[in-house]
Amino acid sequence: MNFTEYAAKTMILTAAGIPVPRGILCTSATEASVAAANIGPCVIKAQVPTGKRGKAGGIKLAASPDEAKKVAREMLGMRIGDYTVERLLVEEQAEIVREFYAAVLHDSTARKPLILFSSEGGMDIEDVAAQKPQAIRRLLVDVDSKPSSAEIAQMLQGLKLGAAEEQIARIVARLYAAYRGHDAELLEVNPLALLVDGRVVALDCKFVLDDAAIFRQGEIAKSGAPAAMTALERHAAEAGLKLIQLDGNVGVLANGAGLTMTTMDVIRHFGGRPANFLEIGGEAYTKSEIALDLVLSNPGVKSLVINFCGAFARTDVMADGVVKAWHKLKPKIPVFFSIHGTGEVEAIRLVRSELGIEPYDLMEDAIQAAVKAAQ
Amino acid sequence: MIVRKKDRVVVLGITGKQGTFWTEKMLAYGTDVVAGINHKRAGETHVGVPIFATTAEAIEKVGGDVAVMFIPPAMAKDAAISAVEAGIKLLVVLTEHIPAQDVMAMHAAAGKHGTRIVGPNTAGLVTPGECFVGIMPAFVPSVFKPGRVGVISRSGSLGTLVCLNLTRAGLGQSAFIGIGGDPMLGTTTRDALEMLDRDGGTDAAVIVGEIGTTMEESAADYAKNMTKPMVAFIAGAAAPPGKKMGHAGAIVIGNAGSYGSKRRALESAGVIVVDTPGQIAVAVAAGLRAGQTGRKIAAGQGKPA
């Protein structure tokens, strides 16, 4: 789950004792002008949970309330990536001496939390890694403990941070605590800036909450940004199913992430275009009825592949759901089945007797026929 | 991580619906399930298996080498760590959607106590004709049969299909190793490949991978020095970038974990990478024939036209 900069700064950083610039959240140009009158020369930042806001024109300076009003009017309603700008953060302008980068994230290979710090901030960490790798320091932490002051000091050693070092060390420790406390998948401050007045302040923040931990981060999750979804994807999400709408014309219903991806791949291999990814694996295998409804609601679908290979998911239960949905929806498009694994005998019998359709033995053959039918 | 008939298996969460269903399947197939864990029902018997309050108690009373978890995500960390601390050697974690920081804590505990974790989010392990641990259709004869091909898979459903295709072609399996669909796994593709390389009962290895992570790339690095024939299929060639494709681990960000990167790495290590799962068996058979004549098969050979 993604969060806007404002949500991350207030709910995560401020709560953790990490300083941020003074700022006010606004939803109209008038509010922005009032905020600017209060704050003085300000920076106006579009609150959308996506990167590259600056390049998209979503971060602009304003010297006066009038200018703030004008900038805000232009920015509100603007599209950045998949999002429409509905909220702005009006923040005091920072007088920056130097920019750094700090983040805590999962290191999948080490299976441990990783603290990343760079003495070069304000740009993508990937670019720093490519151009100035010596500016980046890494510290792996045992998830059951926390980084000691000595470990943090050692990590920062040699980066010539001067008087800012003590503040930075404190911020890094707090950032790690916030990452642990809030089940972050990524908690990134870029830039972390040393200001003219000597303070070190988080000018931007990216917080990604581990979706699997939402059940115990309820308060925080309420402030999460809704993911950019199509109407169909939202319907699926409300039914507890993961659907990704694509631009093709061959509908896909399969069980398990691996088999579903493979069904899409084989559609493409035979020159076709998949219309969707929709997984009904794991516990979701009992939802084939609603799943089929969703796949068929995609107006671009010209043919359908139903590819089941039961392990945990029982193909007889899935086939039963499909048959029920088919009788209810009475779709006109051709459907091509391949069914194997747990419950296959009963599943194949159901499809034959209830739909009068003979499943293909090989998924490749079912898919090839579906691609042909969609053309 | 090849399970054997002699391995004593402890089922965590045995009394739930899935725990019950799959324990019965495992017992019927020949798996030596010696204990179930449920602290509220200790002393009872469920599907013929004695229940204990903790894994430690089960190990003390009836022994236990392998534990398998039918435990919901919120309770998975504590269950896993108590099994690890009790001295289980192999822990099969079927649970999907365990918070990542809990998964890290499980791996840290396993590392400390010398436990091998398989998973999370795995469908389990099958040794055809002998036993299985997990939620795989080992008992469906069209899917699995004993033989000499080892299969490593991140996906249960796709792994099932691949075994089915091998069986259909007359190629039985020495082991199915479901490593799991999560990004942080206790046993990686490379770990499993190393084990199949050492296994005397395995003549060829099949890698069923998918986009996301760098596990296939790392396995390719090891594969360079292997002489057993290897065939791979990587799911996700048609997946849009930046989207999690069902599995938490199946996401391409930038170039990392892309289909192209994996395919190139495997092919340059001498692994035959096929375009559809139906081509795997033909490629394995060709690899085995080439292996008998002492020649390593080149990428591109053995693929049907």
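This report walks through a predicted model with chains A and B, going from overall build to a few backbone details.

**Chain B as a whole**

Let's start with chain B, which holds 9 helices and 14 strands. Its C-alpha atoms fill a box of roughly 60 × 40 × 30 Å along the principal axes. For 305 residues, a compact globule would have a radius of gyration near 19 Å, and chain B agrees with that, at 19 Å. Buried residues account for 61% of the 305 residues in this chain. If you take contacts in chain B between residues at least 6 apart in sequence, 70% of them join residues at least 24 apart.

**Domains**

Chain B is divided into domain 1 (8–118) and domain 2 (140–292). The C-alpha centres of these two domains of chain B lie 27 Å apart. The contact between them takes 8 residues from domain 1 of chain B and 5 residues from domain 2 of chain B. On the domain 1 side, the elements that give two or more residues are α4 and β7 (116–118) of chain B. Of these, α4(B) gives the most, with 5 residues. By class, that domain 1 side has 6 nonpolar, 1 polar and 1 charged residues.

Over in chain A, the domain assignment gives domain 1 (22–92), domain 2 (96–221) and domain 3 (231–374). The C-alpha centres of domain 2 and domain 3 of chain A are 44 Å apart.

**Where the two chains meet**

How many residues does the contact take from chain B and from chain A? It takes 47 residues from chain B and 47 residues from chain A. On the chain B side, α3 (73–85), α4 (100–113) and α5 are the elements that give two or more residues. That side of chain B divides into 27 nonpolar, 15 polar and 5 charged residues.

One helix pair across the chains can be picked out: helix α9 (residues 257–269) of chain A packs with helix α5 (residues 156–168) of chain B at an angle of about 70°, with the axes 5 Å apart. Angles from 65 to 115 degrees count as roughly perpendicular, so α9(A) and α5(B) are roughly perpendicular to each other. From α9(A), the contact is made by G258(A), L259(A) and T262(A), and from α5(B) by S157(B), L158(B) and L161(B). These residues divide into 3 nonpolar, 3 polar and no charged.

**A helix pair inside chain B**

Now for α3(B) and α4(B), whose axes come within 9 Å and cross at roughly 0°. The cut-off for roughly parallel is under 35 degrees, so α3(B) and α4(B) are roughly parallel to each other. On the α3(B) side the contact is made by A76(B), K77(B), A80(B), I81(B), V84(B) and E85(B). Their partners on α4(B) are D102(B), A105(B), M106(B), A109(B), A110(B) and H113(B). By class, this contact has 8 nonpolar, 1 polar and 3 charged residues.

**Backbone details**

Here are some backbone angles you may want to look at in the viewer.

| Site | Feature | Angle |
|---|---|---|
| N190(A) to P191(A) | cis peptide bond | omega near 5° |
| G119(B) to P120(B) | cis peptide bond | omega near 10° |
| K52(A) | positive phi, not a glycine | about 55° |
| T213(B) | positive phi, not a glycine | near 60° |

As for the cis bonds, P191(A) is found in strand β10 (residues 184–195) of chain A, while P120(B) sits in the loop between β7 and β8 (124–127) of chain B.

The two positive-phi residues are both in loops: K52(A) between β2 (42–46) and β3 (59–62) of chain A, and T213(B) between β12 (204–210) and α7 (215–223) of chain B. Is K52(A) buried or exposed? K52(A) is exposed, because it has 10 other C-beta atoms within 10 Å, and a residue counts as exposed at 12 or fewer. T213(B) is buried, with 26 other C-beta atoms within 10 Å, where 20 or more is the cut-off.

Finally, A37(A) lies in helix α2 (residues 29–39) of chain A. With 13 other C-beta atoms within 10 Å, A37(A) is partly exposed. A37(A) and N2(A) are 35 residues apart in sequence and 31 Å apart in space, C-alpha to C-alpha.

Key. Residues are numbered from 1 along each chain as its sequence is written. Chains are lettered from A and ligands numbered from 1 in the order in which they are written. This is a predicted model: local features need pLDDT of at least 70, side-chain atom pairs count only at pLDDT 80 or more; totals for chains, interfaces and linings use all residues. Axes are lines fitted to C-alpha atoms, for helices over the stretch in contact, and angles run from 0 to 180 degrees between N-to-C directions. Helices (H or I, at least four residues) and strands (E, at least two) are DSSP runs, numbered from the N terminus. Angles under 35 degrees count as roughly parallel, over 145 as roughly antiparallel, 65 to 115 as roughly perpendicular and the rest as oblique. Two residues are in contact if their C-beta atoms, placed from the backbone, lie within 7 Å. Ala, Val, Leu, Ile, Met, Phe, Trp, Tyr, Cys and Pro count as nonpolar, Asp, Glu, Lys and Arg as charged, and the others, Gly among them, as polar. The radius of gyration is taken over C-alpha atoms; the globule rule is 2.2 Å times the number of residues to the power 0.38. Domain bounds come from an automatic or database domain assignment.
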